[in-house]
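User: Hello! I am new to this structure and would like a close look at one loop and its surroundings. Could you walk me through that part?

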Amino acid sequence: DTLQSRTIRLDQEEGEETVRALVPLLDMLNHKPGCGTHFGLDTEGQRVELRVGYDVARGEQLFLNYGSKGNGHLLQYYGFALEGNPA
């Protein structure tokens, strides 16, 4: 489960198998519901791109939305739970 919590799922073209990958530093981003940050492969399928949906000041923490997950899932795979989690 530790490896699972550090990998990301990269969706492929329709009909291709989904790939899980370890992406250095991306696994360090904390969860923030609705933050508007997205990641995926670039147009050549060679690099992972991170697109941040909010203004970021130098030195400010980046966040990633882990998706709509219940506290049981968050606790098991990521080691935390959210107070008032609607999922």
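Analyst: Strands here are DSSP runs of at least two residues marked E, and they are numbered from the N terminus. With that in hand, the loop to look at is the one between E2 and E3, where Leu26 is found. Please keep in mind that this is a predicted model.

Let us start with the setting. The protein chain has two helices and six strands, and its elements follow the order α-β-β-β-β-β-β-α from the N terminus on. Of its 87 residues, 21% count as buried. Among contacts with a separation of 6 or more, 38% join residues that are 24 or more positions apart.

Now to the loop itself. Strand E2 covers 19–22 and strand E3 covers 30–31, and Leu25 lies in the loop between them. Leu25 counts as exposed because its relative accessibility is 66%, and the cut-off for exposed is over 50%. The backbone of Leu25 also deserves a glance: its phi is near 75°, a positive value in a residue other than glycine. As a general background, most residues other than glycine have a negative phi.

Next comes Leu26, which sits in that loop between E2 and E3 too. Leu26 has 8% relative accessibility, so it counts as buried; the limit for buried is under 20%. What does Leu26 touch, not counting residues up to four places away in sequence? Its partners are Ile8, Phe39, Val48, Leu50 and Leu64. As for Phe63, its C-alpha atom is 9.6 Å from that of Leu26, and the two residues are 37 apart along the chain.

One of the partners of Leu26, Leu50, leads us to the surface. Leu50, Val52 and Val56 form a nonpolar patch there, with about 200 Å² of accessible area together. Val52 belongs to the loop between strand E5 (48–51) and strand E6 (63–64), and it is partly exposed because its relative accessible area is 33%.

Finally, let us follow the loop on to strand E3, where His31 lies. At 12% relative accessibility, His31 counts as buried. Leaving aside neighbours within four places in sequence, His31 is in contact with Phe63, Leu64, Asn65, Tyr66, Gly67, Phe80 and Leu82. With Tyr66 there is a polar pairing to look for: a polar atom of the His31 side chain lies 2.9 Å from the backbone nitrogen of Tyr66. Leu64 is a handy landmark to end on, since it appears among the contacts of Leu26 and also among those of His31.

Definitions and conventions
Residues are numbered from 1 along each chain as its sequence is written. This is a predicted model: local features need pLDDT of at least 70, side-chain atom pairs count only at pLDDT 80 or more; totals for chains, interfaces and linings use all residues. Side-chain values use heavy atoms; hydrogens and water are left out. Helices (H or I, at least four residues) and strands (E, at least two) are DSSP runs, numbered from the N terminus. Buried means under 20% relative accessible area, exposed over 50%, partly exposed in between (1.4 Å probe, protein chains only). Contact means heavy atoms within 4.5 Å. Patches are made of residues with over 30% relative accessible area and no salt bridge: like charges are joined within 9 Å, nonpolar side chains (Val, Leu, Ile, Met, Phe, Trp, Tyr) within 5 Å. Accessible areas come from the Shrake-Rupley method with a 1.4 Å probe; for residues, only the protein chains shown count as cover. A salt bridge is a side-chain nitrogen of Lys or Arg within 4 Å of a carboxyl oxygen of Asp or Glu. A polar contact is a pair of N or O atoms within 3.5 Å; within protein, one must be able to donate a hydrogen and the other to accept it, and residues adjacent in sequence count only if both atoms are side-chain atoms.
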